[in-house]
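Dear colleague,

I am passing on a structure for you to look through, and below it you will find notes on what turned up when I went over it. Please keep the structure open beside the text as you read.

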Amino acid sequence: MKKLLKSTCYIIFFMINFCSIQTAFGQNSNPGINDPLLIKSIGTWEGALSVQGTEIPLVFKVLKGDQNNLKVTLDSPLQNAFDIPLAGISNTSGEIKIDAPMLQGNYTAKFENDSTLNGTWYQAGNSFPLKLSKKNSGN
């Protein structure tokens, strides 16, 4: 059990550090933000991964971009990693999906209400329940 926790933390730590170096490749693109579900996702979302009793806080920021697109970043405050660029966000059959290929992961969730996303974080073959709460309503 401790081995899984330790290896998961190492994977997250390594990938976050790798992403911090690779910010030039972190351009998020989406076809546009005409989708009401995507518009609803704009804002700052906070939650915590629970990995064998250890809470890893995460903050997703979904912002309006310059070209009618959405930009998504990830913060992992516990690991002192901020503004990690993610690949993008999409609406797939009523589910929000945030892709993080450089982290070998993604987050898929459904809205419980306007301020709560309930879903799963997938990374490197593992899956973890992750509920996010909206911190604010602005971009």
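**A residue in the core**

In this predicted model, Phe 60 has a relative accessible area of 0%, so Phe 60 counts as buried, the cut-off being under 20%. Phe 60 belongs to strand β2, and leaving aside residues up to four places away in sequence, its contacts include Gly 43, Thr 44, Trp 45, Thr 73, Leu 74 and Leu 86. Further along the chain, Phe 60 also touches Ile 98, Tyr 107, Trp 121, Leu 130 and Leu 132. One of these partners is worth a second look, since the C-alpha atoms of Phe 60 and Thr 44 are separated by 5.9 Å, although the two residues are 16 residues apart along the chain.

In soluble globular proteins, nonpolar side chains tend to be buried together. Here the largest nonpolar core has 30 residues, and those with the most contacts inside it are Phe 60, Leu 86, Tyr 107 and Trp 121. Strand β2, which covers residues 54–64, gives the most to this core, with 4 residues. Tyr 107, for its part, touches Phe 60 and Trp 121, and its other contacts include Ile 96, Ile 98, Leu 117, Leu 130 and Leu 132, again not counting residues up to four places away in sequence.

**The sheet**

In what order do the strands of the open sheet lie? The sheet has 9 strands with antiparallel pairing, and their order is β4-β3-β2-β1-β9-β8-β7-β6-β5. Strands β4 (81–85) and β5 (88–92) are the edge strands, each of them pairing on one side only, and the twist from one strand to the next averages 25°. At the β4 edge, 3 bridges join β4 to strand β3 (residues 70–76), and these two strands run antiparallel. Within strand β4, Pro 85 is the residue that stands opposite Thr 73.

**Salt bridges**

Side chains of opposite charge can pair when their charged atoms come close. The count for this model comes to 6 salt bridges, and I describe some of them here.

Lys 40 and Asp 114 meet through their side chains in a salt bridge, at 3.2 Å from N to O. This pair links distant parts of the chain, with Lys 40 in helix α2 (residues 36–40) and Asp 114 in the loop between β7 (105–113) and β8 (116–123), 74 residues apart. Is each partner buried, partly exposed or exposed? Lys 40 is partly exposed, at 28% relative accessibility, whereas Asp 114 is exposed, with a relative accessible area of 54%.

A second salt bridge joins the side chains of Asp 75 and Lys 61, at 3.0 Å from N to O. Here too the pair links distant parts of the chain, as Asp 75 is in strand β3 and Lys 61 is in strand β2, 14 residues apart. Asp 75 counts as buried because its relative accessibility is 6%, and buried means under 20%.

Glu 112 and Lys 131 form another salt bridge through their side chains, at 3.3 Å from N to O. Glu 112 lies in strand β7 and Lys 131 in strand β9 (residues 126–134), so this pair ties together parts that are 19 residues apart in sequence. Glu 112 is partly exposed, with a relative accessible area of 44%, and Lys 131 is partly exposed, with a relative accessible area of 44%. Finally, Lys 61, Asp 75 and Asp 83 are joined into one network by salt bridges that share partners.

With best wishes

Conventions. Residues are numbered from 1 along each chain as its sequence is written. This is a predicted model: local features need pLDDT of at least 70, side-chain atom pairs count only at pLDDT 80 or more; totals for chains, interfaces and linings use all residues. Side-chain values use heavy atoms; hydrogens and water are left out. A nonpolar core is a set of buried Ala, Val, Leu, Ile, Met, Phe, Trp, Tyr and Cys residues joined through side-chain atoms within 4.5 Å. Buried means under 20% relative accessible area, exposed over 50%, partly exposed in between (1.4 Å probe, protein chains only). Contact means heavy atoms within 4.5 Å. Two strands pair if DSSP finds at least two bridges between them. Axes are lines fitted to C-alpha atoms, for helices over the stretch in contact, and angles run from 0 to 180 degrees between N-to-C directions. A salt bridge is a side-chain nitrogen of Lys or Arg within 4 Å of a carboxyl oxygen of Asp or Glu.
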